[in-house]
Amino acid sequence: MENRRLVVAREDEQDDRTKTFIFKGEGHTLGNALRTLILKNPDVIFCGYTIPHPSENKLHLRIETKEMSAVDALREGLEQLQSLSDYVLETFETAVSDFKSKQMEM
């Protein structure tokens with residue numbers, strides 16, 4: 001379990017709609033992006049994150065949902081973040097390519 005980058009805190013909780021996920025080696029960048037995307041899901045009641053202590057390289061992400069499982073809400077948020085990141089990268093690379101082409105024409 002020590003080598004895993006994502007663990008579920010309090011795995012003994014019986015309610016699949018309420019979970020706290022611990023991301024090792026992550027910080028505010030991932031936490032804020034995930035929180036924002038997950039909160040757009042109408043089934044999500046609460047989503048928030050904390051960094052327990054500045055010297056700990058951990059992110060705690062809490063998700064509470066109405067019907068769907070918290071794991072599914074996290075999975076959807078991660079997939080949306082991946083899609084958004086892919087789009088931003090593609091748009092950036094196209095803009096750089098266009099810029100370089102225009103510079104060559106000058």
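V88 is found in helix α2, which spans residues 70-105. Helices here are DSSP runs of H or I with at least four residues, strands are E runs of at least two, and both are numbered from the N terminus. Residues are numbered from 1 along each chain as its sequence is written. This is a predicted model, in which local features need pLDDT of at least 70 and side-chain atom pairs count only at pLDDT 80 or more, while totals for chains, interfaces and linings use all residues; side-chain values use heavy atoms, without hydrogens and water.

**A surface patch**

V88 counts as partly exposed because its relative accessibility is 49%. The scale is simple: buried is under 20% relative accessible area, exposed is over 50%, and partly exposed is in between, with a 1.4 Å probe and protein chains only. V88 also belongs to a nonpolar surface patch with L84 and Y87. Together the three have about 320 Å² of accessible area. Such areas come from the Shrake-Rupley method with a 1.4 Å probe, and for residues only the protein chains shown count as cover. Patch members have over 30% relative accessible area and no salt bridge; like charges are joined within 9 Å, and nonpolar side chains (Val, Leu, Ile, Met, Phe, Trp, Tyr) within 5 Å.

**The annotated span**

The UniProt record, an unreviewed entry, gives residues 20-89 the annotation "domain: DNA-directed RNA polymerase RBP11-like dimerisation". UniProt positions follow the numbering used here, feature names are shortened, and annotations may be inferred rather than shown by experiment. In the model, this span is 46% helix and 29% strand. Its end C-alpha atoms lie 30 Å apart.

**Two paired strands**

Strand β1 covers residues 6-9. Which of its residues lie on the covered face? V7 and A9 do, while L6 and V8 are on the uncovered one. In a regular strand, side chains alternate between the two faces of the sheet. β1 runs antiparallel to strand β2, residues 18-24, and four bridges join them. Strands pair if DSSP finds at least two bridges between them. One partnership links A9 to T20 in β2.

**The start of helix α1**

H28 sits in helix α1, residues 28-39. H28 is exposed, because its relative accessible area is 52%. H28 and T50 are 22 residues apart in sequence, yet their C-alpha atoms are 8.3 Å apart in space. Setting aside neighbours within four places in sequence, H28 is in contact (heavy atoms within 4.5 Å) with Y49 and I51.

**Salt bridges**

How many salt bridges does a search of the whole structure find? There are five. A salt bridge is a side-chain nitrogen of Lys or Arg within 4 Å of a carboxyl oxygen of Asp or Glu. The table lists some of them.

| Pair | Closest N to O distance |
|---|---|
| R5 and E26 | 2.7 Å |
| D15 and R17 | 3.2 Å |
| R75 and D72 | 2.9 Å |

R5 and E26 form a salt bridge. This pair links distant parts of the chain, 21 residues apart: R5 is in the segment before β1, and E26 is in the loop between β2 and α1. R5 counts as exposed at 51% relative accessibility, whereas E26 is partly exposed at 26%.

D15 is partly exposed, with 31% relative accessible area. Its partner R17 is partly exposed at 35%.

R75 and D72 both lie in helix α2. They are three residues apart, about one turn of the helix. R75 counts as partly exposed at 43% relative accessibility, and D72 counts as partly exposed at 33%.
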